[in-house]
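Trainee: Before we go through this protein together, could you show me the sequence and the model?

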Amino acid sequence: MITLLLFAAGLVLIVAGSELFTNAVEWAGFRLRLASGATGSLLAAWGTALPETVVPVVAIISRAPAADSVATGAIVGAPFLLLTLGVAVTGLAVLARRGATELSVDSGQARRDLGTFFAAYTLVLIAVALPLWLRAVVAASVIVIYGIYVRAALRGGAPTEEMPEPLHLLRWYAGRPPGVAIAAQLLVAIAMLIVGAEFFVRALERSADALQLPTLLLALVLVPVATELPETLNSILWIHSRDDGLAFGNVAGATAFQACIGGAIGVAFTTWSPGKMGLASAGLALLSSCYLLVLLRHGRCRGWLLTLSAVPWIAYVVVAGVAGGRLQ
């Protein structure tokens, strides 16, 4: 019962905190006059990628027995779920809307986001077989890659002119919220995400002990399902409002963040031993990014083709469930 309460409390805090964070960074992007692509790939992605980044950080700081497995599983499993199940749900949202059953995005944005993910994640995977001193070089390299990516994103496109929905802490305020209110909402959101991540890590450790399954396996599947909810829910809303660039940037930009920042954390501060299931997850994530690059080479893609992205994740979960603890 305590485990379920921890899971529920962690999930609620993560989802609510991410919504507050995303809403605040959208206003920050508007006030900074960033382009829609940059707002989606950077600010929205930062906000919704924060939970899965906080989970491994909290796990590492806690120094609990299962901390290394939780951190590694969260870092490896997050991009795989986003590029498969997250993209598939986005495809379903495209199919469900009236009059536009195709996703339409800037092909340059798709190549930038997915290309950055592929390059950084490949380096992070290579680091599994490298000695400790070379892993430090890899960690620094992927951070540099992300810096180059951020610079390119900020230079692309014209500033958005449409005001976001009212700041959640000032729903009654019709105009532009003051900067101090945006900052306050960001701080509240971050606090909620940190506490929620702590609850989730504790619940995961309890579940691993009760089910006698490897913590790494649970972290590869359960943590991403919870922490990727913000990206998925926000993308559905943006697809419904026909803002495909924000919807796709939210997902693809988050994977670039995860590969670079999350990957650097994993390589530098864990033993970075994903095991067979972790490597399989990472390999499928890379293949999924290639699939999306091909689909969006011209910037347009039918929704049903996006839904096929779920196939690798479903197959992976089935194999993981059947194999149980035999695959480490």
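Mentor: What follows is a short set of questions and answers on this model, which is a predicted one.

Trainee: How many helices and strands does the protein have, and in what order do the elements run?
Mentor: The secondary structure of the protein comprises twelve helices and two strands. Reading from the N terminus, the order of the elements is α-α-α-β-α-α-α-α-α-α-α-β-α-α.

Trainee: What share of the residues in the protein is buried?
Mentor: Buried here requires a relative accessible area under 20%. Of the 328 residues in the protein, the part that is buried comes to 54%.

Trainee: Where does helix 9 bend, and by about how many degrees?
Mentor: Helix 9 covers residues 244-269, and its 26 residues reach 36 Å from the first C-alpha to the last, which is close to the 38 Å expected at 1.5 Å a residue. Within that span, the helix bends at Gln258, by about 30°.

Trainee: Is helix 9 mostly covered or mostly uncovered, and how many of its residues are buried?
Mentor: Counting residues against the 20% limit on relative accessible area, helix 9 turns out to be mostly covered. Of its 26 residues, the number buried is 23.

Trainee: Which residues form a nonpolar patch on the surface, and what is their accessible area together?
Mentor: The protein exposes about 13900 Å², of which carbon and sulfur atoms supply 70%. One member of the patch, Val311, lies in helix 12, which spans residues 310-323. The patch is formed by Leu92, Leu95, Trp304, Leu308 and Val311, and their accessible area together is about 480 Å².

How values were computed. Residues are numbered from 1 along each chain as its sequence is written. This is a predicted model: local features need pLDDT of at least 70, side-chain atom pairs count only at pLDDT 80 or more; totals for chains, interfaces and linings use all residues. Side-chain values use heavy atoms; hydrogens and water are left out. Helices (H or I, at least four residues) and strands (E, at least two) are DSSP runs, numbered from the N terminus. Buried means under 20% relative accessible area, exposed over 50%, partly exposed in between (1.4 Å probe, protein chains only). Accessible areas come from the Shrake-Rupley method with a 1.4 Å probe; for residues, only the protein chains shown count as cover. Patches are made of residues with over 30% relative accessible area and no salt bridge: like charges are joined within 9 Å, nonpolar side chains (Val, Leu, Ile, Met, Phe, Trp, Tyr) within 5 Å. A salt bridge is a side-chain nitrogen of Lys or Arg within 4 Å of a carboxyl oxygen of Asp or Glu. The expected span of a helix is 1.5 Å times one less than its number of residues. The bend at a residue is the angle between axes fitted to the seven residues ending there and the seven starting there.
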